[in-house]
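Here is a short guided tour to read with the sequence and the 3D view open side by side. Take your time and turn the view as you go.

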Amino acid sequence: MSGDRGTTRQGRGRRRSAGRDVDGILLLDKPTGITSNAALQTAKRCFEARKAGHTGSLDPLASGMLPLCFGQATKVSGMLLDADKVYEVEAVVGAQTDTADADGTVVAVAEKTALTESELRAAMQTHIGTIEQVPPMYSALKHQGRRLHELARQGIEVERAPRTVHIRALELLHFDPHRPRLRVHCSKGTYIRTLVETLAQAAGTLAHVGMLRRLWVEPFAGQPMVTLDALQEGAGDPSRLDTLLLGADVALARFPALRLNAALSAALCNGRPLEAAQLGAQPLAEEYCGLLRAYDPSGTFLGVAERLDDRRVVARRLFVAGA
């Protein structure tokens, strides 16, 4: 997420970041066939941005919403990693691959190469709610400092502890006995490839992902996405591309807003706690304790604050320039 490296005449080996200071969130519609990092680097070049990062990878086979954070907005990337996500997935029934998707090599073929709708719906019922998943070997998780997918490519398989995830909703969009299509609303950490495999196992067969598209990441449901082609077409005028960016506070819409006067804005930015008596009549529930979006009198987003049990408010993550 750092900028390009360079040297100066005054100090050989010193680093300087190249590019513009760009702040905001881009909802990229990642195409299939490239990694999330490759998509990020292309977008970063189009914006001529100094600093950028993505909020959780999509497999090369997958397309869809990939929020990219630029500049100060990179400070919300961790919060977006925790967000719910919604996918559309097509399962290919009857074969298992080493990567659990169509980019992999077939490693097993089932005798049963088709499902009935009742079999599929029965399997789906067993996967709604809180479930345990064993992460796939072809994943970015680490084992003793090495990515699992690096070990997998060397033919090494290691034991992985199961993880608890939540399937909020599982909907059958289109039934086909060989290639059914589902919509999945799930918590962070859910592997759709693993879900497809275990659904097939519950129905007495094998399967892998043939198509995967991420429809949205919370809280961006229904928000328009921008394609890489559109970014590349506008690459000659990066300031025009800036109009495509959302403010960092859009990602934090679930937190209440805190409006501050000039004196309190300065105090918060200088790290001083704000006493309850100073805040006056704020539209906050009396019992609310937790994170807040803080704004100055002009409506400029200052950053994330927190209301403590004693009703004081303290800064947690500032988004103002230079913070």
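## A leucine in a loop

L274 sits in the loop between α8 and α9 (276-279). Please keep in mind that this is a predicted model. Is L274 buried or exposed? With a relative accessible area of 0%, L274 is buried, because anything under 20% falls in that class.

What does L274 touch, once its neighbours within four places in sequence are set aside? The contacts are L260, L264, A267, L268, L279, R311, R312 and V313. One of these partners, R312, is 38 residues away from L274 along the chain, yet the two C-alpha atoms are separated by 5.6 Å.

## The sheet beside it

Some of those names lead to a sheet. Four strands make up an open sheet with mixed pairing, in the order β14-β15-β16-β17. Which strands stand at the edges? They are β14 (257-259) and β17 (313-318); each has a single partner strand, so one side of each is left without a neighbour in the sheet. On average, neighbouring strands here are turned by 40° against each other, direction ignored.

Strand β16 (residues 301-307) pairs with β17 in the antiparallel sense, over 5 bridges. If you would like one bridge to look up, R307 has V313 in β17 as its bridge partner. V313 is also among the residues in contact with L274.

Helix α8 (residues 262-269) lies across β15 (290-295), β16 and β17, and it runs at about 65° to β17. Between β16 and β17 there is a loop, and R311 has its place there. R311 has a positive phi of about 75° although it is not a glycine, and it is another of the residues that L274 contacts.

## Aromatic rings

How many aromatic pairs does the structure hold? There are 3. A pair of aromatic rings is described by the distance of the centres and the angle of the planes. Two of the pairs are set out here.

| Pair | Centre to centre | Angle between planes | Arrangement |
|---|---|---|---|
| F47 and F70 | 4.8 Å | 45° | tilted |
| Y295 and F301 | 5.5 Å | 50° | tilted |

Why do F47 and F70 count as tilted? Their planes are at 45°, and planes under 30 degrees apart would be stacked while those over 60 would be edge-to-face, so this pair falls in the remaining class. The pair links distant parts of the chain: F47 belongs to helix α1 (residues 36-47) and F70 to strand β3 (residues 63-70), 23 residues apart. F47 is buried at a relative accessible area of 0%, and F70 also counts as buried, at 0%.

Y295 and F301 bring us back to the sheet. Y295 is buried, with a relative accessible area of 4%, and F301 counts as buried at 13%. Together with F319, these residues form one aromatic cluster. Charged side chains lie over the faces of two of its rings: R259 is over Y295, at 4.4 Å from the ring centre, and K75 is over F319, at 5.9 Å from the ring centre.

## Other spots worth a look

Elsewhere in the chain, A100 has a positive phi of about 70° although it is not a glycine. A100 is found in the loop between β5 (95-97) and β6 (106-109), and it is buried, with a relative accessible area of 3%.

What kind of peptide bond joins E218 and P219? The bond is cis, with omega at about 10°. P219 is found in the loop between β12 (207-217) and β13 (226-227).

T194 is part of helix α5 (residues 192-202) and is buried, at a relative accessible area of 6%. Not counting residues up to four places away in sequence, T194 touches Q133, V134 and P136.

## How confident is the prediction?

The mean pLDDT of the protein is 88, and 88% of its residues reach 70 or more. Over residues 1-14, however, the pLDDT is below 50; beyond near neighbours in sequence, this stretch has 21 contacts in the model. Where pLDDT is low, the predicted coordinates should not be read in detail.

Methods. Residues are numbered from 1 along each chain as its sequence is written. This is a predicted model: local features need pLDDT of at least 70, side-chain atom pairs count only at pLDDT 80 or more; totals for chains, interfaces and linings use all residues. Side-chain values use heavy atoms; hydrogens and water are left out. Two strands pair if DSSP finds at least two bridges between them. Helices (H or I, at least four residues) and strands (E, at least two) are DSSP runs, numbered from the N terminus. Axes are lines fitted to C-alpha atoms, for helices over the stretch in contact, and angles run from 0 to 180 degrees between N-to-C directions. Contact means heavy atoms within 4.5 Å. Buried means under 20% relative accessible area, exposed over 50%, partly exposed in between (1.4 Å probe, protein chains only). pLDDT is the predictor's confidence in each residue, from 0 to 100. Rings of Phe, Tyr and Trp (its six-membered ring) pair if their centres lie within 6.5 Å; planes under 30 degrees apart count as stacked, over 60 as edge-to-face and the rest as tilted. A charge sits over a ring if NZ of Lys or CZ of Arg is within 6 Å of the ring centre and within 35 degrees of the ring normal.
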